[in-house]
Amino acid sequence: MQYIWLLIAAALVGLDRLTKWLVVSNMELKDVIHIIKIGDTEVLNIYYCLNNGAAFSKLSGHTVLLIVITSVILLGLLLLMVTKKIKRPVHMASVGLIIGGGIGNLIDRIFNGGLVVDFIDFRLINFAIFNVADICAVCGAGLLLITVAVDEIREIKNKRAAKAATEPASEENDNGED
């Protein structure tokens, strides 16, 4: 199952590369194509721009640091997948999405002089411009966060239930009667 998610990650890298190639090949930098517009309100645009930072342009200009951090995280996740340390299918899916997104943007950073191609401009909420790799990484991280949190909550409830099941038995034996 791990290898299936690694193949899916590779396909997501391909999709990211294809969408970025289409934008770069068919648009000039800072060109805008309106996809969804309701009245005068722009909802969704394709806006070709370059980003030299991480999410919301954090760490702008720190290309080497971003490449190193991304590479270390990706190598760690790949190692966990290949050694089958990640067993739950939902965790494999999450990590596969993170790997696909991470590799997609890492390729840009390495081969575009630290610049990542961004083009999805969702204007309904004032949000950063992003790309397919970003969607994969964020969805994977979000899914992993949610499943780990749910697992932790479930474990806490199970421990409380087990503790509650043993407490009444000890109270009955502790009633002071001989």
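How many residues apart in helix α4 are Glu-155 and Lys-159? Select the two and count along: they are four residues apart, so about one helical turn separates them. Before going further, keep in mind that this is a predicted model.

**Stop 1: along helix α4**

Stay with Glu-155 and Lys-159 and show their side chains. They form a salt bridge whose closest N and O atoms are 3.4 Å apart. Colour by accessibility and you will find Glu-155 partly exposed, at 39% relative accessibility, while Lys-159 counts as exposed at 55%.

Next, select Arg-154 and Asp-151. Helix α4 covers residues 132-173, and this pair sits three residues apart in it, so again about one helical turn lies between the two. Their side chains meet in a salt bridge, with an N to O distance of 3.8 Å. Arg-154 is partly exposed, with a relative accessible area of 47%. Asp-151 is also partly exposed, at 21%; that value is just above the cut-off, because buried means under 20%.

**Stop 2: a charged network**

Now select Asp-16, Arg-17, Lys-20 and Asp-108. Salt bridges that share partners join these four into one network. Zoom in on Lys-20 and Asp-16, whose side chains meet at 2.9 Å, N to O. The two are four residues apart in helix α1, which puts about one helical turn between them. Are Lys-20 and Asp-16 buried or exposed? Both are buried. In total, the model has eight salt bridges.

**Stop 3: a nonpolar patch**

Keep the view on this part of the chain and select Leu-15, Leu-18, Trp-21 and Leu-22. Together they form a nonpolar patch on the surface, with about 390 Å² of accessible area. Highlight Trp-21, which belongs to helix α1 and counts as exposed at 52% relative accessibility.

**Stop 4: Gln-2 and its contacts**

Move to Gln-2, also found in helix α1. At 7% relative accessibility, Gln-2 is buried. Which residues does Gln-2 contact, leaving aside neighbours within four places in sequence? Select Met-81, Lys-84, Ile-86 and Met-92 to see them. For a distance label, try Gln-2 to Leu-78: the C-alpha atoms are 9.7 Å apart, although the residues are 76 apart in sequence.

**Stop 5: two nonpolar cores**

In soluble globular proteins, nonpolar side chains tend to be buried together. To look at this here, select Trp-5, Leu-77, Met-81, Ile-86, Met-92, Val-95 and Ile-99. These are the residues with the most contacts inside the largest nonpolar core, which has 13 residues. Colour by helix and you can see which elements give two or more residues to this core: α1 (2-26), α2 (63-82) and α3 (89-111). The most comes from α3, with six residues. Centre on Leu-77 to follow some of the packing: beyond residues up to four places away in sequence, Leu-77 touches Val-95, Ile-98 and Ile-99.

Then switch the selection to Leu-12, Tyr-48, Phe-119 and Cys-136. They are among the twelve residues of a second, separate core.

**Stop 6: the aromatic pair**

Finish at Phe-127 and Phe-130. The model has one aromatic pair, and these two rings form it, edge-to-face, 5.8 Å centre to centre with 80° between the planes. Their accessibilities fall in separate classes: Phe-127 is partly exposed at 39%, whereas Phe-130 is buried, with a relative accessible area of 16%.

Technical notes. Residues are numbered from 1 along each chain as its sequence is written. This is a predicted model: local features need pLDDT of at least 70, side-chain atom pairs count only at pLDDT 80 or more; totals for chains, interfaces and linings use all residues. Side-chain values use heavy atoms; hydrogens and water are left out. A nonpolar core is a set of buried Ala, Val, Leu, Ile, Met, Phe, Trp, Tyr and Cys residues joined through side-chain atoms within 4.5 Å. Buried means under 20% relative accessible area, exposed over 50%, partly exposed in between (1.4 Å probe, protein chains only). Contact means heavy atoms within 4.5 Å. Rings of Phe, Tyr and Trp (its six-membered ring) pair if their centres lie within 6.5 Å; planes under 30 degrees apart count as stacked, over 60 as edge-to-face and the rest as tilted. Patches are made of residues with over 30% relative accessible area and no salt bridge: like charges are joined within 9 Å, nonpolar side chains (Val, Leu, Ile, Met, Phe, Trp, Tyr) within 5 Å. Accessible areas come from the Shrake-Rupley method with a 1.4 Å probe; for residues, only the protein chains shown count as cover.
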